[in-house]
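User: I am new to this structure and would like to learn how to read its main features. Could you guide me, beginning with burial?

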Amino acid sequence: MSDNELKEALNYLHSKGHTELRKILAIRLRQSGQEVSASNIIVTGGAQQAIQLLFYGLLSAEDRVVIEEPTHCHVVCLAKMMRLKVIPLRRTKEGFSIDELESLLKRVQVRLIYTMSCSHNPTGTNMPERKKEALVNFCETHGITIVDDTVFSELQYIGFSPRTLRCFDSRGCVVEIGSLSKTFAPGLRIGWIICLRPLVEKLVVLIDAQTMCVPGITQLFAARLLSSGDYDTHVDSLIQLYKTRRSIMEKACNQLLPTFVKYGLPDGGYFFWLEFPKTNTLTRNLNCKRPF
Ligand SMILES: Cc1ncc(COP(=O)(O)O)c(C=O)c1O
């Protein structure tokens, strides 16, 4: 890092984020199949700040927001803090049901859907591509914004990185958020929002009022990390490690858990989701060996 680069990084940066980081993020996102330039990207203090900015920027108290169940718990807390009305839709392996969403819209207006199209936290599932396409088309038609949280997307055990919802979006109804927290280091507090430019301009005003900018030094570090190739090597090694752990976990579950506990192999992420029946069967049978 040169003296000038250091000097710049130690100053207030533009609240959109460090240009070098936004450029390298745009290059990487284009490689994953999205139409995006640096002007569509805002750097945030992690994905959590990204979600908060979007909720503040797009919603008002009493607005209805659809959130999958189960989901990242801090999103539900945030929505409640902001007095939003949370409508849960059940997440299955395929994502949530568009038919259920459609019948919901006959009764109430929904402004925003928060989802994870790939490596869903905590079920580890990827929505199939046809579902992604159908969901984006549906939301475009009904004027609903989708926030696609991709923090775990790069951690995939299926042999390739599936496309995120924004790759299917031609009209800007999908806003994508991501971060380096799950693939590199949560302490860096580097996240981002990808959206159309009018929304970028609106969110920048909120950032100015909140934090002014994400620290320049960490942004510059992140930019150099992403350009160096070291990040990709690191993510590849994480995928191998977690894939091995996934197999060990599956073996242990097959051997040790009673048959009433349901689970599937996660496609991605770092959770292994178990489902227990809503009865007291578990406590009754806790000391027994499989099968019951
Ligand atoms: C799905 C999901 N989104 C967002 C976050 C927040 O991530 P960050 O550390 O980038 O703010 C988390 C953290 O656990 C998460 O699991």
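Analyst: Certainly. This is a predicted model. A residue counts as buried if 20 or more other C-beta atoms lie within 10 Å of its own. In this chain of 292 residues, 38% are buried.

User: What radius of gyration does the chain have, and how does one judge it?

Analyst: One compares the value with that of a compact globule of 292 residues, which would be near 19 Å; the chain has 20 Å, so the two agree. The C-alpha trace spans about 70 × 45 × 35 Å along its principal axes.

User: Which contacts link residues that are 24 or more positions apart, and how large is their share?

Analyst: Here one looks at contacts with a separation of 6 or more, and 72% of them in this chain join residues 24 or more positions apart. As for secondary structure, the chain has 10 helices and nine strands.

User: How is the chain divided into domains?

Analyst: The domain assignment gives domain 1, residues 3–228, and domain 2, residues 232–285. Their C-alpha centres are 26 Å apart. To the contact between them, domain 1 contributes 19 residues and domain 2 contributes 16. On the domain 1 side, seven of these residues are nonpolar, 10 are polar and two are charged.

User: Which residues have the most contacts inside the largest nonpolar core?

Analyst: They are Val175, Trp192 and Ile193, in a core of 56 residues. Helix H3, residues 46–58, gives the most to this core, namely six residues. For a single member, one can list the residues it touches, leaving out those up to four places away in sequence: Trp192 touches, among others, Leu25, Ile41, Ala50 and Ile177.

User: Is strand E6 mostly covered or mostly open?

Analyst: Strand E6, residues 174–179, is mostly covered, with six of its six residues buried. One then asks which way each residue points: Val174, Glu176 and Gly178 point one way, while Val175, Ile177 and Ser179 point the other way, and all of them are buried.

User: Which strands pair with E6, and in what sense?

Analyst: For each pair, one notes the direction and the number of bridges. Strand E5, residues 145–149, pairs with E6 in the parallel sense over four bridges, and Asp149 stands opposite Ile177. Strand E7, residues 191–194, runs antiparallel to E6 and is also joined to it by four bridges. There, Glu176 has Ile194 as its bridge partner.

Terms used:
Residues numbered from 1 in each chain as written. Predicted model: local features only at pLDDT ≥ 70, side-chain atom pairs only at ≥ 80, totals over all residues. Domains from an automatic or database assignment. Contact = placed C-beta atoms within 7 Å. Nonpolar A, V, L, I, M, F, W, Y, C, P; charged D, E, K, R; others polar. Core = buried A, V, L, I, M, F, W, Y, C linked by C-beta atoms within 7 Å. Buried ≥ 20, exposed ≤ 12 C-beta atoms within 10 Å, placed from the backbone. Helix = DSSP H or I, 4+ residues; strand = E, 2+ residues; numbered from the N terminus. Pairing = 2+ DSSP bridges. Rg over C-alpha atoms; globule rule 2.2 N^0.38 Å.
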